[in-house]
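The exercises below work through a two-chain model, each with a task and a solution that proceeds step by step. Please keep the sequence and the coordinates at hand while reading.

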Amino acid sequence: MRRAYFPALLLAAYAGVPLVLGGNSYVMSLIDAALVIGGIALAWALLGNLGGMVSFGHSAFVGVGGYVSALLTAKAGLPVPAGLLLGGVGAVLAAVVMLPVLRLRGPYFALAILAYAHIFRILATEWTTVTGGAAGVSGVPPLPVIAGIDFGGKTGAYFVILTIVCVFAWIYARVSASHYGLALRAMHDSEDATQVLGVNSTLLKAAMLLLSAFMTGVIGAFNAHYIGFLEPDYAFAGLWVTLPIVAAIFGGYRTIAGPLLGAVVVYLLDQLVFKTLISSGHQLILGALLVAMIVFSPRGLLPLLTRGRKPDAGT
Amino acid sequence: MLELDNVTVRFGGLTAVDNVTLRAGSGDVLGLVGANGAGKTTLFNAISGLVRPTAGSIRFGGTSVVRAPMFRRARLGIGRTFQIPQPLHGLTVRENLVVAQRFGTGKVDERRIAEVLEFTGLADKTGRDAATGLALTELKALEVAKALATDPQLLLLDEVLAGLETTAKRRFMGMLQDLHARFGVGIVIIEHDIETIATLCRRVAVLNFGRLIADGTPDAVFRDPEVMRSYVGNGVGGGHG
């Protein structure tokens, strides 16, 4: 997407969507959910595209971020905005525990990090004195009312998640355009060749894992306050990794806008169209759509739409 | 500057480098020769950190680097090229050098990058995709350029002339002859062709089945009967490829 379109796109996102759809709380809730998926897809793609690591374990960061924020606000009385940030910090700490998996590559990394995600789900279930166990945490405080705007409502929450996603996309773009971004891109196919030039590839990969975890944790925390309730099977559900992966691949995970576009298209299509066609098993159509995308445009929807144009800067 | 003492590298039951003791200084242009499988590239890998020696010590500038990771050795001043060129995928020629400068030296000096590009003949290729847009000679030049961009004190060149046709080889030889004087860098070069080694190097070390069997001036080394038996007698000058 060209830089010139950004102001118009931001205006449409911040003003157009609430003006046109703000009265329809069902559609707004779907858009909120799509942005949650999009934000996780963006964080996942940052690790996949820049870090060169395919993760099946991002549900751990969603869950840990959600639980940390929910417990600190509901039980310790911290304000919700602080809880959101600390949710991100909690996910970073979870990622620190996972750092040894950086010694692995490819499918071994993907499976090892999936195992970690399961361990965190088991911890949340068994550590009943802190997490409430399988019964979960109820009474998670909603997003606050600030200057008369109820950020706990569907439209208010939309502004919050949209801002979070925009800030994360900006951070992603900055990292990608930096010298670190160059080295990270180069590392995928030639890690030894980058190391002999002085690149500490392990440190860079770790930084990407931690940054991706922070982003995912903040979004997990947002979701906990948005929903108002957490239990382990929901907080650490596999859908927190499968849907973002589908969205990122569908949209084009090697671009910054692709995962967001993919999430909006995939989630809204699924909920508004496929679900009405087949109420049970509608995800099958998503699967077929993803296969078709991989066959006809392996680089995803965004590159398909912008084919023939100059690629995104910083992607 | 580089001090190898009793360096041994074993892969299971195979001893690829056997108790090698060798010195290379900043004023050296040292040729490392030997038949295929003699352990030359493995020795480069041990020096640059790609493999860890089974035994022995490696010191660079007075500091032990035997346990240092590759990136730290590069920052200390050990630059290297690979026998099969390894351009940084997805980046342009210039970006390859920017990564080398930024991470090898901690800063990006545009004048230095321009100087290296001009020296290696890549000044008009800066925007090309490094992995897909270059011919073999240019890929080899990029290997040298990346290593030079890290501001090395010692440059390990692994068969940079291999596979080049005669004209390109002659041009490349000219570049290598200027390299030491222009950048003040010590050079260790692996090369099979004796004429090339005799032209470029003031000193030659010979490996045979991982053991260092000779170390001296080209004239003296290539008159050594053991060298002749192990290396020249095996068909040097093309036979070793």
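**Exercise 1. Find the strands that a helix of chain B crosses, and describe the sheet they belong to.**

Step 1. In this predicted model, helix H1(B) lies across strand E3 (29-33), E6, E7, strand E8 (186-190) and E9 of chain B, and the direction of H1(B) is at about 145° to that of E7(B).

Step 2. These strands can be placed in an open sheet of six strands, whose order is E6-E7-E8-E3-E9-E10 (chain B) and whose pairing is mixed. Strand E6 (78-80) and E10 of chain B are the edge strands, each with a single partner strand, so one side of each is left without a neighbour in the sheet. From one strand to the next, the twist averages 20°.

Step 3. The mixed character can be followed pair by pair. E6(B) and strand E7 (residues 154-158) of chain B run parallel and are joined by three bridges, and Gly79(B) has Leu155(B) in E7(B) as its bridge partner. Strand E9 (residues 203-208) and strand E10 (residues 211-216) of chain B, by contrast, pair in the antiparallel sense over five bridges, with Ala205(B) standing opposite Asp215(B) in E10(B).

Step 4. The hairpin of E9(B) and E10(B) has two residues between the strands, and in this hairpin Phe209(B) takes a positive phi near 50°.

**Exercise 2. Describe the four-stranded sheet of chain B, and state which helix packs on it.**

Step 1. The four strands form an open sheet in the order E2-E1-E4-E5 (chain B), with antiparallel pairing. Strand E2 (14-24) and strand E5 (63-64) of chain B each have a single partner strand and stand at the edges, so one side of each is left without a neighbour in the sheet.

Step 2. At one end of that order, strand E4 (residues 55-60) of chain B pairs with E5(B) in the antiparallel sense over two bridges, and Phe60(B) stands opposite Thr63(B) in E5(B).

Step 3. Helix H1 (residues 40-48) of chain B packs on this sheet, where H1(B) touches strand E1 (2-11), E2 and E4 of chain B, and the direction of H1(B) makes about 65° with that of E2(B).

**Exercise 3. Characterise the packing of helix H2 of chain A against two other helices, and classify each pair by its angle.**

Step 1. Two packed helices are described by the angle between their axes and the distance between the axes.

Step 2. For helix H2 (residues 25-50) and helix H7 (residues 154-177) of chain A, the angle is about 15° and the axes are 9 Å apart, which makes H2(A) roughly parallel to H7(A). The crossing of H2(A) past H7(A) is left-handed, and their contact has 18 nonpolar, six polar and two charged residues.

Step 3. For H2(A) and helix H13 (residues 257-277) of chain A, the angle is about 140° and the axes are 8 Å apart, and the two helices are therefore oblique to each other. The crossing of H2(A) and H13(A) is right-handed.

Step 4. The residues of H2(A) that meet H13(A) include Leu30(A), Ala33(A), Ile37(A) and Gly38(A), while those on the H13(A) side include Pro259(A), Gly262(A), Tyr267(A) and Gln271(A). By class, the contact of H2(A) with H13(A) divides into 14 nonpolar, three polar and no charged residues.

**Exercise 4. Assess the overall dimensions of the two chains against the globule rule.**

Step 1. Chain A has 15 helices and four strands, and its C-alpha atoms fill a box of roughly 50 × 45 × 40 Å along the principal axes. A compact globule of 315 residues would have a radius of gyration near 20 Å, and the 19 Å of chain A agrees with this.

Step 2. Chain B has nine helices and 10 strands. Its radius of gyration is 17 Å, close to the 18 Å that the globule rule gives for 241 residues, so chain B is as compact as a globular protein of that length. The C-alpha trace of chain B spans about 50 × 40 × 30 Å along its principal axes.

**Exercise 5. Which elements of chain B give two or more residues to the side that touches chain A, and how do the residues of that side divide by class?**

Step 1. The contact involves 22 residues of chain B and 17 residues of chain A.

Step 2. On the side of chain B, the elements that give two or more residues are helix H2 (70-76) and helix H3 (93-105) of chain B, and H3(B) contributes the largest share, seven residues.

Step 3. The residues on this side of chain B comprise 11 nonpolar, six polar and five charged.

Terms used. Residues numbered from 1 in each chain as written. Chains lettered and ligands numbered in written order. Predicted model: local features only at pLDDT ≥ 70, side-chain atom pairs only at ≥ 80, totals over all residues. Contact = placed C-beta atoms within 7 Å. Nonpolar A, V, L, I, M, F, W, Y, C, P; charged D, E, K, R; others polar. Axes fitted to C-alpha atoms, helices over the stretch in contact; angles between N-to-C directions. Parallel < 35°, antiparallel > 145°, perpendicular 65-115°, else oblique. Left-handed = near helix turned anticlockwise from the far one by under 90°. Pairing = 2+ DSSP bridges. Rg over C-alpha atoms; globule rule 2.2 N^0.38 Å.
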